[in-house]
Every structure is written in structure tokens, then in C-alpha cells.
Amino acid sequence: SNFILANAQGRCGFPIVYCSDGFCDLTGFARTEVMQKNCSCRFLCGAETSEPTLQSIEKALDSRQEYQTEVCFYKKSGAAFWCLLDIMPIKNEKGEVVLFLFSFKDITESRGRSHPGDKKEEKQRSEKQRSKKPGNSHLRAARRQGRTMLHQLSSQFVRRDRGEMKINRNVFENKPSIPEYKVASVQKSRFILLHYSIFKALWDWLILLATFYVAITVPYNVCFTGTEDSLSAARSTIVSDIAVEMLFILDIILNFRTTYVSQSGQVVYDPRSICIHYVATWFFVDLIAALPFDLLYIFNVTVTSLVHLLKTVRLLRLLRLLQKLDRYSQYSAMVLTLLMSMFALLAHWMACIWYVIGRKELESNDPRTWDIGWLHELGKRLEAPYINNSVGGPSIRSAYIASLYFTLSSLTSVGFGNVCANTDTEKIFSICTMLIGALMHAVVFGNVTAIIQRMYSRRSLYHTRMKDLKDFIRVHHLPQQLKQRMLEYFQTTWSVNNGIDANELLHDFPDELRADVAMHLNKDILQLPVFETASRGCLRSLSLHIKTSFCAPGEYLLRQGDALQANYFVCSGSLEVLKDNVVLAILGKGDLIGADLCSTDQVIKTNADVKALTYCDLQHIGLRGLCEVLQLYPEYASKFTADIHQDLTFNLREGSEME
């Protein structure tokens with residue numbers, strides 16, 4: 001990975017257009033210090049560097065030939081190192097050499113372990129390496145590559161190590177903020193439970209599941225369990241019922257130690273105030289719902305149907321569900337689940353009432369109605385008729401399924417007639433069921449429709465904008481190539497930002513908050529060394545002028561001769577700088593391109609084209625906005641003007657190449 005790329009078509013020398021991170025680590029030079037230097041590597045020379053070897057390198061470059069040798073170079077710190085140097089010319093599709101690939105391999109340790117020979121042996125070894133056939137080189141495949149080699153090299157070697165960038169910790173440290181009531185450090189007892197803690201949230205959902213269990217089992221036991229088999233039916237669920245009662249009792253204890261938010265918006269931590277508030281609100285409802293009726297079965301106390309009816313007061317805990325709906329109203333999937341659960345629960349309750357009506361019609365001994373009720377008709381269809389008005393009949397399971405089928409069909413539609421109301425009481429109940437069903441359609445399914453539309457709103461917006469774009473292309477008869485570029489750009493930018501315009505979204509926020517958000521979004525470019533000495537206020541002002549842009553492969557970011565409006569920072573992807581179809585530089589992640597500042601009124605013209613090789617995310621700061629900020633902070637302006645030359649990977653200002 002220790003390599004550099006040099007332009008082989010330069011008019012004066014062969015300037016370096018790209019250097020890898022490994023080369024920077026090996027030599028100690030930064031990329032901005034290496035770019036545009038001559039690839040003969042004389043900037044790496046020192047006292048022990050062989051001049052004949054350097055002349056051989058320059059001769060190989062002039063003749064566009066492959067070359068390999070061992071040479072002593074010097075790092076930026078002055079330390080010497082031996083490296084195995086490979087030079088490989090890269091040709092385009094026309095057979096012209098367009099690039100030189102220099103590969104550096106550090107052999108200092110291996111050379112130090114070997115015994116030094118005389119100069120004659122060294123010269124013979126050098127001649128032997130020099131006379132190697134090009135086909136035996138480990139870079140032999142690169143000789144047959146065309147100009148498309150740039151794409152592969154840029155995609156493989158433009159990965160930058162963020163660790164080489166200096167971070168001004170004093171600038172990006174978290175500033176002290178006013179504590180909010182939810183995160184403030186408050187003196188409280190360790191036995192006080194925070195109402196917004198993770199444990200309390202999980203506990204509330206456990207209680208909600210227990211409440212749904214009660215809402216299902218209690219009406220079923222009241223309506224479908226007869227007096228004679230109430231003991232056996234209750235004993236089948238005795239363990240789960242007692243566990244739910246214990247949960248409710250434990251919930252009461254926790255509520256006496258749980259904080260709450262007062263009407264003024266303050267969190268109350270005082271235990272006495274918490275107890276008074278709980279007693280005045282939900283205590284009695286929770287107490288009645290937590291009465292341990294199921295303990296009567298353990299002590300073999302005779303249980304009547306009245307006990308089952310008393311257990312229905314536990315359904316009052318469903319009022320707590322309204323709090324859940326309000327708290328989780330922003331979570332569409334959660335609200336949708338709760339609404340559908342409430343609808344199914346209502347159908348379950350109506351099924352229990354429908355079964356009770358059928359039983360009462362049978363037990364009324366009215367000769368006009370007892371044999372035409374829905375339960376009697378169901379028994380005849382299942383060939384399990386009732387005898388003496390109460391004996392026989394379908395099983396409890398079949399009766400419940402038929403009841404639930406009737407109530408669901410009545411709530412969602414007008415029913416299908418196979419289970420129908422025959423007596424006056426059954427018809428009145430059916431009318432009430434259909435009225436409730438209409439109300440549930442308006443409340444539940446209306447909300448469900450709105451939630452589903454909200455869930456797919458972003459996708460709908462995408463299709464709307466895509467249709468508008470296609471209509472625009474069709475109306476103006478754009479050519480196919482231009483149409484394809486527009487569609488690809490729209491689809492790619494949408495995949496990046498999901499159709500969200502950050503500038504429009506943050507427009508109504510205060511400047512203080514927008515500056516904090518902008519500093520977080522643009523922290524990569526603000527961590528460049530050129531901004532290291534800037535004050536926090538200066539960085540906040542600069543961040544408000546930084547915008548994001550995107551460039552697709554093959555698109556030109558800038559054209560030669562254009563008026564330069566901004567300096568660009570490459571967040572991802574790779575670009576190439578071209579002039580007269582000659583590659584001047586290959587840019588990757590972390591590179592800064594643009595121009596140094598001159599007179600405020602002077603228009604800066606670009607001296608080359610900048611073309612994207614891959615999909616590129618860029619951040620740019622307008623030169624006009626940059627000048628405005630520097631005028632506000634003159635103490636930093638002079639420092640910025642002096643340092644910007646060192647941080648620009650490539651200077652696009654017209655005339656800078658002559659300087």
C-alpha cells in the first residue's frame with residue numbers, strides 16, 4: 001500500500017497526482033506536501049542516497065520503462081531507510097503511457113541483518129534486478145491496463161485514516177448546558193423510582209399484558225362458566241390468576257415510590273407528595289382491581305357467580321390504556337397494535353354477552369322463544385340439541401367460537417345469516433352491535449388508515465416527485481442521455497438523504513440550535529488543521545455556511561474557466577482533476593480542493609476540470625460566506641490565509657500552477 005501515482009504526460013517533469021496513506025506513514029510527509037512534486041523523489045534524498053541510482057530512475061522515466069532497484073531514502077524527520085523501489089508505467093487504450101506507479105517496500109530490517117558486500121557485488125545485484133524482464137514483475141498485469149486503471153486504483157486506495165487529522169479537542173468539547181428536568185442530577189432517595197426509567201417502562205408493559213389477560217379471562221369466566229363447574233374451571237387458571245393479582249399488588253407499592261410530573265412541568269421526588277398524588281388519582285381503582293378473589297379457592301371457600309361479577313371491576317385498569325395511547329401516539333406501529341387489540345377485545349366482550357342472551361332465552365321457559373333462539377338453532381345444526389331447556393347442547397368451545405364469529409361479522413359488516421338473531425332480545429342486541437361497529441369503524445379503522453398512510457408517506461412523496469420529474473422530461477423532450485443522468489441523480493440523492501432537505505428542516509430553529517446541529521453535521525471539514533486555531537464562535541459561524549452536495553460518476557463538479565464559488569471537502573468517493581485530458585490529481589476521502597482567498601471583489605477562475613470517478617458526497621463552504629466570517633474574526637483571518645495553501649490538496653485558482 002506504499003505507492004504514488006505520477007502523471008506521465010506532464011510538459012515539465014512528472015508531477016505526483018496521488019499518494020497512498022501508507023506512503024505518507026512511511027515517509028512522514030502529508031499528502032498536501034507530496035502532491036504535484038516531481039516523482040523522481042529527490043525530496044526524499046539525503047547524504048547516503050546514491051546519485052547514479054537517481055539518474056537511473058530519471059532515465060527510466062524519460063524512456064517510459066519499468067525499473068526496479070534498492071535505494072536509500074530519508075524521511076521527513078531525517079531518518080534514513082532502505083526501500084525496494086518498483087516503477088511501473090501504465091498505458092491507456094491507445095498504448096500511450098499516462099501514469100507512473102511507484103511502489104515502495106521498506107527493507108531496512110532485512111538489509112540490516114544481511115552482511116554488507118563490496119560495491120562490485122552490489123552493482124552486479126543492481127544490474128541483475130535492472131535486467132529483469134517486465135513480464136516477471138509483480139505489477140505485470142498493470143502494464144495491460146488502460147486508463148480505466150484510475151477507477152480501480154481510486155476505489156481501492158483512497159481510504160483515508162482519520163487518525164492523521166488533528167482534532168481540536170478544546171473546540172469540540174461539550175459545552176456546559178442548562179440541565180433539563182429529566183436529566184438533572186437531583187438529590188433523591190435511592191428507593192424512589194423514576195417514571196421515565198427503562199425499568200418503569202418495561203414494568204408498565206408487563207402490567208399492560210396482565211391487564212389484557214384479566215380483560216379476556218374475567219368476562220369469559222363470568223359468562224361461559226356455569227355454577228356447577230365454576231370450581232373446576234377456576235382451578236385450571238388459579239396459578240396465573242394469583243400471579244396477576246400479585247403483580248397488581250406490587251404495582252400499587254411501586255406507584256407509591258414512583259415520581260410524577262406536576263402541572264407546572266416539574267418532576268416531583270418528594271415521597272409524601274408522591275403518596276398524596278397517587279391516592280388522589282389511581283389508588284382506589286388499582287386497589288379494587290388488585291383484591292385477591294382467587295385466594296378463596298385456596299381456602300376452599302364456596303364461590304358463587306357473584307365473586308366472578310366482582311372480578312369484573314379489574315377491567316377499570318383498562319383506563320390506564322388511554323395513557324398509553326397518548327404517550328405512544330408518535331409510534332405508529334405501537335398505536336396500530338393497541339387499537340387492533342382493543343377492537344378484538346371489544347369483540348370478545350360482545351361474544352360473551354351474546355352467549356349469555358342465548359342462555360337466558362333457553363332458561364326463560366317461554367314456549368314462544370326458547371326453541372328459536374340462536375343457541376338452540378346452533379345445537380340442532382351441530383346435532384347436539386338441548387333437552388329440557390338446559391341439558392345437552394353444543395360444547396362451550398363451539399358456543400364461544402360461534403358467538404365470536406357472530407360479533408365480529410356484525411362489527412365489521414352486516415353479518416352472513418348463518419348465526420342470526422331470532423328473538424326480540426337478540427335483535428335488540430344485534431342492533432346495538434351494528435351501531436357500535438359503525439362507531440368502531442370511524443374510530444379504530446379511521447386511525448388505522450391514517451397510521452398506514454403516515455407510515456408510507458415518505459414512499460408516496462418519492463413516487464410523486466419521480467412522476468413530476470418524468471413528466472418534466474416528457475414535456476420538454478429531453479434526450480435519452482440527459483434523462484438517464486437526471487433519473488440516476490434523483491434516485492441516488494434520495495437514497496442518501498431520503499428526501500429530507502436539512503436546510504429547510506432547520507430553517508425555523510433558533511440560530512443557537514442550528515449552529516450546534518451544523519457543527520455536528522460538518523465536524524469532518526471543521527477538523528481540518530486550517531480550522532484548528534479558530535475560536536468556537538468562528539467555527540459556529542462557518543458551520544452555518546457549509547452545505548452538502550452530491551456528484552454521480554462521470555459528472556463534472558467544476559469545469560475549467562468556471563467562476564469558483566466554494567471550496568469542496570470530499571466526504572466519500574473519488575474524483576480526478578483534468579486539464580486537456582491529462583490527469584493532474586486523484587482526490588479521495590478527506591481531500592480539500594478549491595482556492596486560496598484573494599481580493600474580495602476578484603472573481604476566481606478554475607484552472608482545470610474536476611470530474612467524479614465514483615459516487616461522491618461533498619461538503620462545500622461558499623467563498624462569499626467564508627469572507628464574511630473572516631471579516632467578523634480578523635484575528636483568525638490572517639492565520640487562515642497563511643495556512644490554506646498547506647491544506648489544499650489541489651489549488652484550482654487560475655495562475656496558481658505558475659506560482
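Start by selecting strand β1 (residues 3–7) and strand β5 (residues 97–106): the two run antiparallel and are joined by 5 bridges. Keep in mind that this is a predicted model. Label Asn7, then look across to β5, where Leu99 stands opposite.

**The open sheet**

Now widen the selection to the whole sheet. Its 5 strands follow the order β2-β1-β5-β4-β3, with antiparallel pairing, and the sheet is open. Colour the edges next. Those are β2 (16–19) and β3 (67–74); each has a single partner strand, so one side of each has no neighbour in the sheet. Direction ignored, neighbouring strands here are turned by 25° against each other on average. Strands of a sheet pair through backbone hydrogen bonds, so turn on the backbone atoms to view the pairing.

Add helix α3 (residues 51–62). It lies across β3, β4 (80–91) and β5. Against β3, helix α3 runs at about 135°.

Step back along the chain to the loop between α2 (31–34) and α3, and pick Cys41. What is the sign of phi at Cys41? It is positive, about 65°, although Cys41 is not a glycine. With a relative accessible area of 1%, Cys41 is buried.

**A second positive phi**

For a contrasting setting, go to Glu383. This residue lies in the loop between α17 (374–381) and β8 (386–387). Its phi is near 55°, again a positive value in a residue other than glycine. Is Glu383 buried or exposed? Glu383 is exposed, with a relative accessible area of 71%.

**Two loop residues with polar side-chain contacts**

Select Ser197, in the loop between α7 (169–172) and α8 (198–224). Its relative accessibility is 18%; the cut-off for buried is under 20%, so Ser197 counts as buried. Show Lys200 too. The side chain of Ser197 reaches the backbone nitrogen of Lys200 at 3.3 Å.

Next, select Thr259. It is found in the loop between α10 (238–255) and β6 (260–261). Thr259 counts as buried at 4% relative accessibility. Which residue shares a side-chain polar contact with Thr259? The partner is His195, and the contact is 2.9 Å. Now expand around Thr259. Leaving out residues up to four places away in sequence, it touches Ile192, Leu193, Leu194, His195, Val267, Val268, Tyr269 and Ile274.

**One face of a helix**

Go to helix α23 (residues 511–521) and show Ala515, Ala518 and Met519, which are buried. Rotate to look down the axis of α23: its buried residues fall within an arc of 100°, so they line one face of the helix. The general geometry helps here: an α-helix has 3.6 residues a turn, so residues three or four places apart point the same way.

**A hairpin and the core**

Select strand β13 (residues 575–579) together with β14. They run antiparallel, joined by 5 bridges. The two form a hairpin with 2 residues between them. Click on Asp580 in the turn: its phi is positive, about 55°. Then find Leu575, which stands opposite Leu587 in β14.

How many of the residues of β14 (residues 582–587) are buried? The count is 6 of 6, and the strand is mostly covered.

Leu575 also leads into the largest nonpolar core, which has 50 residues. Show the residues with the most contacts inside that core: Phe531, Leu557, Leu575, Val577, Tyr636 and Phe640. Centre on Phe640. Not counting residues up to four places away in sequence, Phe640 touches Val530, Phe531, Leu597, Leu626 and Leu630.

**A loop that meets distant sequence**

Pick Asp562, in the loop between β11 (556–558) and β12 (566–572). It is partly exposed, with a relative accessible area of 33%. Draw a C-alpha to C-alpha distance to Thr606: it reads 5.6 Å, while the two residues are 44 apart in sequence. Beyond its neighbours within four places in sequence, Asp562 is in contact with Ile604, Lys605 and Thr606.

**Zoom out**

Finish with the whole chain in view. Its secondary structure comes to 27 helices and 18 strands. Of its 659 residues, 42% are buried. Among contacts with a separation of 6 or more, 69% are between residues 24 or more positions apart.

Methods. Residues are numbered from 1 along each chain as its sequence is written. This is a predicted model: local features need pLDDT of at least 70, side-chain atom pairs count only at pLDDT 80 or more; totals for chains, interfaces and linings use all residues. Side-chain values use heavy atoms; hydrogens and water are left out. Helices (H or I, at least four residues) and strands (E, at least two) are DSSP runs, numbered from the N terminus. Buried means under 20% relative accessible area, exposed over 50%, partly exposed in between (1.4 Å probe, protein chains only). A polar contact is a pair of N or O atoms within 3.5 Å; within protein, one must be able to donate a hydrogen and the other to accept it, and residues adjacent in sequence count only if both atoms are side-chain atoms. Contact means heavy atoms within 4.5 Å. The arc is that of the directions from the helix axis to the C-beta atoms. Two strands pair if DSSP finds at least two bridges between them. Axes are lines fitted to C-alpha atoms, for helices over the stretch in contact, and angles run from 0 to 180 degrees between N-to-C directions. A nonpolar core is a set of buried Ala, Val, Leu, Ile, Met, Phe, Trp, Tyr and Cys residues joined through side-chain atoms within 4.5 Å.
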